[in-house]
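Here are my comments on the structure you sent, set out as numbered points. They begin with the open spaces and then turn to the sheet, the cores and single residues.

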Amino acid sequence: MNYALELTSVSKVYNNHINKKKKRALHSLSLSIPSGSIFGLLGPNGAGKSTLINIIAGLTNKSSGIISICGYDQQLYPEKSRTFLGVVPQELNLDPFLSPREALEIQAGLFGVRKRERETTKILEKVGLSDVKNAYARSLSGGMRRRLLIAKALVHDPPILILDEPTAGVDIELREMLWNYIFELRSSGKTIILTTHYLEEAQKMCDRIAILNKGSLVEFGKTKTLLHRLKNKILIIHLNKKIVQMPNFPTTVIPKIKPDGSLELSFDRTVISTEKLIDICRDNHLSIKDITTCEPVLEDVFKLAIKD
Ligand code: ADP
Ligand code: MG
């Protein structure tokens, strides 16, 4: 497989020069991110997400380990590595007196993109900023600034785009627009690395995720595989008539009558099947109106992973 990013035993210790204390922020992380995928980095506050993102972006020094970006060792080829990355920081820091057009032109200049190779107009159009291309950045809304930061990260057409909390505090409409744009970038072959607080978002968008806790990798894999590993499933059976007597379910099933009268069955799907449970209900003459199931969600994976 072709990897956009490979980390081998990456560690980080922050040295506090004032109280001489050391803070271990990352413990020997190893992971590989295939090219052309969307990778989500999750974890509670203080887990080390920004530290890792900043190390990959070349903004913070690692203490040990190897980072390979598009096959190049970041330490041996710092400049080359930098050109492979487009980084969108979490803070909306933009020069207030530059217009989107100027901001992109300056960024392209910084990355040595030749004038005739620049795609300023096209990028502005893609992120929906054509109408305000000549306005001062300070007059742009939060959502527009976020899009401008993404546009800036893309001027040198990097194969990898890194976004730190791209949708934090962003309204639902813009969030969906950003999601679609990120999907579009993936289709064009780019690798997307993002951190997010929204587990639902990670579940929807990310092909692979890693969960960091206290600087250690506690989960890493395909989102689908991680979800599949969760054994618990919930079946909600809506009934035509109230239950008089609860059927005898196997002991591995936890039955509960919900306030609306429906029957909720929590069960381990590796031990008993949904069909079997429905059969038991029918055998006990329960008249079933409708059935809904709750599939495992990333939130459950997350809770399990970070529990002490
Ligand atoms: P996250 O982004 O997941 O919230 P961070 O990477 O910001 O986590 O922080 C990870 C840990 O490293 C935290 O305990 C934090 O206090 C510590 N840390 C972050 N930056 C520094 C720094 N510059 N100096 C010392 N400790 C830091
Ligand atoms: Mg952070």
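1. A pocket, as the word is used here, is an open set of grid points with protein on both sides within 12 Å along at least five of seven lines, and its lining residues are those with an atom within 4 Å of a point. The model is a predicted one, and every remark below should be read with that in mind.

2. In the predicted model, the largest pocket has a volume of about 490 Å³, and its lining is made up of 21 residues, with Leu59, Val87, Val88, Pro89 and Gln107 lying nearest the centre. Two or more lining residues come from each of α1, β6 (85–88), α3 (100–110) and α5 (142–154), and the element that gives the most is β6, with four residues. By class, the lining of this pocket comprises 11 nonpolar, six polar and four charged residues.

3. The second largest pocket has a volume of about 380 Å³ and is lined by 15 residues, of which Glu119, Lys122, Ile123, Asp157 and Lys190 lie nearest its centre. Helices α4 (120–126) and α6 (172–187) each supply at least two residues of that lining. Its class division is six nonpolar, two polar and seven charged residues, a count to keep beside the 11 nonpolar, six polar and four charged residues that line the largest pocket.

4. How many cavities of 30 Å³ or more does the structure hold? There is one, with a volume of about 30 Å³. The residues that line this cavity are Leu5, Leu7, Leu31, Ile33, Phe39, Leu41, Leu52, Ile56 and Ile193, and the elements giving two or more residues to the lining are β1 (3–15), β2 (22–34), β3 (38–42) and α1 (49–56). The lining consists of nine nonpolar residues, with no polar and no charged ones.

5. Helix α1 deserves a separate comment, since α1 gives two or more residues to the lining of the cavity and also two or more to the lining of the largest pocket. Six of the eight residues of α1 are buried, so this helix is largely enclosed by the rest of the structure; the buried residues are Lys49, Thr51, Leu52, Ile53, Ile55 and Ile56. Of these, Leu52 and Ile56 also belong to the cavity lining. After α1 comes Gly58, which has a positive phi, near 80 degrees.

6. An open sheet of four strands is arranged in the order β2-β1-β4-β5, with antiparallel pairing, and its edge strands are β2 and β5, each of which pairs on one side only. Within this sheet, β1 and β4 (residues 64–69) are paired in the antiparallel sense over five bridges, and Thr8 stands opposite Ile66 in β4.

7. Strand β4 is also joined to β5 (residues 72–73), through two bridges and again in the antiparallel sense, with Ile69 opposite Tyr72. These two strands, β4 and β5, form a hairpin with two residues between them, and Cys70 in the turn has a positive phi of about 50 degrees.

8. The largest nonpolar core has 45 residues, and the members that touch the most others are Leu42, Leu161, Leu163, Ile192, Leu194 and Leu298. Apart from this core lies another, of 24 residues, among them Leu31, Ala47, Ile55 and Phe84. Leu31 is thus named both in that second core and in the lining of the cavity, while Ile55 is also one of the buried residues of α1. Returning to Leu42, and leaving aside neighbours within four places in sequence, its contacts are Lys49, Thr196, Leu199, Ala202, Ile209, Ala210, Ile211, Leu212, Leu298 and Phe302. Lys49 in that list is a buried residue of α1.

9. Is Lys233 buried or exposed? Lys233 lies in strand β11 (residues 232–239) and has a relative accessibility of 14%, and it therefore counts as buried, the cut-off for that class being under 20%. When residues up to four places away in sequence are not counted, Lys233 touches Leu265, Ser266, Phe267, Arg269, Thr274, Thr293, Cys294 and Glu295.

Methods: Residues numbered from 1 in each chain as written. Chains lettered and ligands numbered in written order. Predicted model: local features only at pLDDT ≥ 70, side-chain atom pairs only at ≥ 80, totals over all residues. Heavy atoms only, no water. 1 Å grid on protein atoms, 1.4 Å probe; cavity = no way out; pocket = protein on both sides within 12 Å on 5 of 7 lines; lining within 4 Å. Points joined across faces, edges and corners; volume = space filled by probe spheres on them. Nonpolar A, V, L, I, M, F, W, Y, C, P; charged D, E, K, R; others polar. Pairing = 2+ DSSP bridges. Core = buried A, V, L, I, M, F, W, Y, C linked by side-chain atoms within 4.5 Å. Buried < 20%, exposed > 50% of the residue type's maximum accessible area, 1.4 Å probe, protein only. Contact = heavy atoms within 4.5 Å.
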